[in-house]
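Thank you all for coming; I would like to walk you through one structure this morning, slowly and with some care. Please have a look at it first, and then I will begin with a question.

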Amino acid sequence: MAYLEITLKVAAENRVAAAGVYQKYKQPFLDTVPGAESKELLVRDEDVQVLHGFTTVAEARAYLDSSLFKQDVVGGLAPLLAADPEVRIYDTV
């Protein structure tokens, strides 16, 4: 199992819109991305995190190059972000 964690700085007034982007693309992610196993939205005062579960690290990396991620997700979120996202990939042991 591998995890892709994307941390987003989103102002309070933009969080509803950011959650809408998450909801819009959650099912397409789960249905079409190779190795996709889960996708969760984690919210705290400082930021918002999207935690993606994959079968392998290679599949997590490949998702970052997909059109679903680059065009749809990033395109929808870009105007809502207060800073560049932090992207981390983890492998379980």
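Which strands and helices each supply at least two residues of the lining of the largest pocket? Before I answer, please keep in mind that what you see is a predicted model. The elements in question are strand 1, residues 2–8, helix 1, residues 15–32, strand 2, residues 36–43, strand 3, residues 48–54, and helix 3, residues 67–77. Among the contributors, helix 3 gives the largest share of that lining, with four residues.

Staying with this pocket, its space comes to about 200 Å³, and 18 residues line it. The ones that lie nearest its centre are I6, L8, F69, V73 and L77. If we sort the lining by character, we find 16 nonpolar residues, together with one polar and one charged residue.

Let me pick out V73 from that group, which has its place in helix 3. Is V73 buried or exposed? With a relative accessibility of 9%, V73 counts as buried, because the cut-off for that word is under 20%. Leaving aside residues up to four places away in sequence, V73 touches V21, Y25, Y63 and L68. V73 and L4 are 69 residues apart along the chain, and their C-alpha atoms are separated by 14 Å.

I turn now to the aromatic rings, where the count comes to four pairs. One of them joins F29 and F54, whose ring centres are 5.5 Å apart and whose planes stand at 90°, so this pair is edge-to-face. Since F29 belongs to helix 1 and F54 to strand 3, the pair ties together parts that are 25 residues apart in sequence. F29 has 0% relative accessibility and therefore counts as buried, and F54, also at 0%, counts as buried too.

F54 has a further partner in Y63, and here the arrangement is tilted, with 5.9 Å from centre to centre and 40° between the planes. Both F54 and Y63 are buried. Taken together, ring pairs link F29, F54, Y63 and F69 into a cluster, and you will recall F69 as one of the residues nearest the centre of the largest pocket. The ring of F29 also has a charge over it, since the charged end of K39 sits there at 5.2 Å from the ring centre.

To finish, I would like to look at two residues that are partly exposed, beginning with P28, which lies in helix 1. Its relative accessible area is 28%, and, with residues up to four places away in sequence not counted, P28 touches V33 and L68. The C-alpha atoms of P28 and A78 are separated by 19 Å, with the two positions 50 residues apart along the chain.

The other is T55, and where does T55 lie? T55 is found in the loop between strand 3 and helix 2, the latter covering residues 57–64. Its relative accessible area is 39%, which makes T55 partly exposed. Not counting residues up to four places away in sequence, the contacts of T55 are M1, A2, G35 and E37. T55 and P34 are 21 residues apart in sequence, while from C-alpha to C-alpha they are 8.6 Å apart in space.

That is where I will stop, and I am happy to go back to any of these places on the screen.

Notes:
Residues are numbered from 1 along each chain as its sequence is written. This is a predicted model: local features need pLDDT of at least 70, side-chain atom pairs count only at pLDDT 80 or more; totals for chains, interfaces and linings use all residues. Side-chain values use heavy atoms; hydrogens and water are left out. On a 1 Å grid over the protein atoms alone, a cavity is a set of points where a 1.4 Å probe fits but cannot get out, and a pocket is an open set with protein on both sides within 12 Å along at least five of seven lines; lining residues have an atom within 4 Å of a point. Grid points are joined across faces, edges and corners, and a volume is the space filled by probe spheres set on the points. Ala, Val, Leu, Ile, Met, Phe, Trp, Tyr, Cys and Pro count as nonpolar, Asp, Glu, Lys and Arg as charged, and the others, Gly among them, as polar. Rings of Phe, Tyr and Trp (its six-membered ring) pair if their centres lie within 6.5 Å; planes under 30 degrees apart count as stacked, over 60 as edge-to-face and the rest as tilted. Buried means under 20% relative accessible area, exposed over 50%, partly exposed in between (1.4 Å probe, protein chains only). A charge sits over a ring if NZ of Lys or CZ of Arg is within 6 Å of the ring centre and within 35 degrees of the ring normal. Contact means heavy atoms within 4.5 Å.
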